[in-house]
Amino acid sequence: MRTVNPVLTDPDAEGTSPERRAVLQERRLRGVVDRILGAGGVLAGRLRACGIHSGRDVRLDELHLLPTLSKRDLWDHYPFGLRVVEERDVVCVHGSSGTGGRPTLIPYTAHDVDVWAQVMARALGGAGVSARSRIHNAYGYGLFTGGLGVHHGGMRLGATVLPLSGGMTERQVRLLVDLRAEVLCCTPSYAIHLGEALRAAGIGPEQLGLRVGVFGAEPWTPEMRRQIEELLGLRALDIYGLSEIIGPGVACESLDSEGMLNVAEDHFYVEAVDADGVPVPDGTPGELVFTTLTKTGMPLIRYRSGDVASLAGPVAGSARTLRRMSKLLGRADDMLVVRGVNVYPTEIESVLLADERVSPHYLVVEDRRVASRPELWVAVEPFADAVDGEALQRELTGALRERLGIGCAVTVVEPGVVPRTETGKARRLVRWSTGDAPVPGIG
Ligand code: DLL
């Protein structure tokens, strides 16, 4: 296979040898442990309980022996109980609305924002973005880290950021045509929404200047990638992150990373672990656990992300030496158990969108109205009204049984029936225990 020689935005960080990086990681790990202990809060108490009284007591190759933190710890100490700096050192707060209406808030220092800008600049640089590029940024601006994360990184690169935020699709269509941005940043579901709006307005990809898209914040499959690339005429790359760690830029696919995402592991040390928290070998899916090596506002040691992916080394022979993670398989808590078979919604998406007739508007419904007999429903919208719904239903049911081993009830619904998101993250999975069907026509 041809080796691409990438242009690295930050060659010292992205291209150093793994051995030298490990030395840096360990030094930074000791530094962050000292900062946490010095602050003397909840996190310091946890470390002391494990016999750690100084940064010198930790080693990178023994990090996996420390206990993990999870979202529960953030909720228990809401809003800022895990902060390790004085309030006056906090320059902004981000977070996510979270599930069950419980927000997670993250305090950032100026140093944290600087690290964020750095990793986002690298991520965009790996997608071929340069000081000459225009970035159409349709990630939401707000507490959500998508909008401002891309904004910081784009500005750091010297590119021109167009801060569209989410929504007001008509205006976005207009500006995509008028300003001919080369780079589109938004959630993959909004990329589809924009693409469909462009198509409805009779605007083809050739009338746009788009070359590359950096899409993330929600799960999406290679099949969805194909649809986005076709709709918008660009190369679609995946970006991953979570506000607890920094936001987007924790990991990002580059033009040369062969479908996996380069982890900014000089700032965020990554492990993939099994259900007991024990690291799994490269190539085996596990829950991603992150340790922030340079954060100062709210550093986290061994934070369980809930996200499932596998890890790998760099592409052989590449100048980029960072470890990589696969596209996300799903969230540990999104795993569905259908009559004994474990399956993630993304695996269902792969089967659905491999069928040319199926649009990316679908919803998986886990029907738990009878707790002892959970059922799985999949509502799909075809691209056109003219599709033979019954045949499609039969064939998709067969494909899901054959490829994933699951029996579920596929329902083909009218175009426009599956709820859309104009802003924010698409909802692909609904758990249904009482009340009306989440989509008409199922149940
Ligand atoms: O979603 C940060 C982000 C913004 C990433 C823009 C990429 C682009 P949160 O709102 O805190 O942060 O949500 C984090 O979203 O734990 C994953 O479950 C999911 N997620 C993020 N990126 C991806 C991705 C931002 N590329 C949670 N693929 C994470 C799948 C993703 N899921």
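Me: How many residues surround the ligand, and which are the closest?

Reply: A residue counts as near the ligand if one of its heavy atoms lies within 4 Å of it. In this predicted model, 21 residues surround the ligand, and the closest are D238, I239, S243, D307 and K425.

Me: Which side chain has a polar atom 2.6 Å from an oxygen atom of the ligand?

Reply: For a polar contact, look for a pair of N or O atoms within 3.5 Å. The 2.6 Å case belongs to S243. An N or O atom in the K425 side chain is 2.8 Å from a ligand oxygen, and a polar side-chain atom of R331 lies 3.4 Å from an oxygen atom of the ligand.

Me: What is the strand order in the open sheet of 4 strands, and which strands stand at the edges?

Reply: The order is 10-11-12-15, with antiparallel pairing. Strand 10 (268-273) and strand 15 (330-331) each have a single partner strand, so one side of each lacks a neighbour in the sheet. Further in, strand 11 (residues 286-292) and strand 12 (residues 303-309) run antiparallel and are joined by 4 bridges. E287 has V308 in strand 12 as its bridge partner.

Me: At what angle do the axes of helix 9 and helix 10 cross?

Reply: Helix 9 (residues 222-232) crosses helix 10 (residues 345-353) at roughly 50°, and the axes come within 7 Å. Helix 9 is therefore oblique to helix 10.

Me: Which residues meet there, and how do they divide by character?

Reply: From helix 9 come E223, M224, R226 and Q227; from helix 10, E349, S350 and L353. The contact divides into 2 nonpolar, 2 polar and 3 charged residues.

Terms used
Residues numbered from 1 in each chain as written. Predicted model: local features only at pLDDT ≥ 70, side-chain atom pairs only at ≥ 80, totals over all residues. Heavy atoms only, no water. Axes fitted to C-alpha atoms, helices over the stretch in contact; angles between N-to-C directions. Helix = DSSP H or I, 4+ residues; strand = E, 2+ residues; numbered from the N terminus. Parallel < 35°, antiparallel > 145°, perpendicular 65-115°, else oblique. Contact = heavy atoms within 4.5 Å. Nonpolar A, V, L, I, M, F, W, Y, C, P; charged D, E, K, R; others polar. Pairing = 2+ DSSP bridges. Polar contact = N/O pair within 3.5 Å; in protein donor to acceptor, adjacent residues only side chain to side chain.
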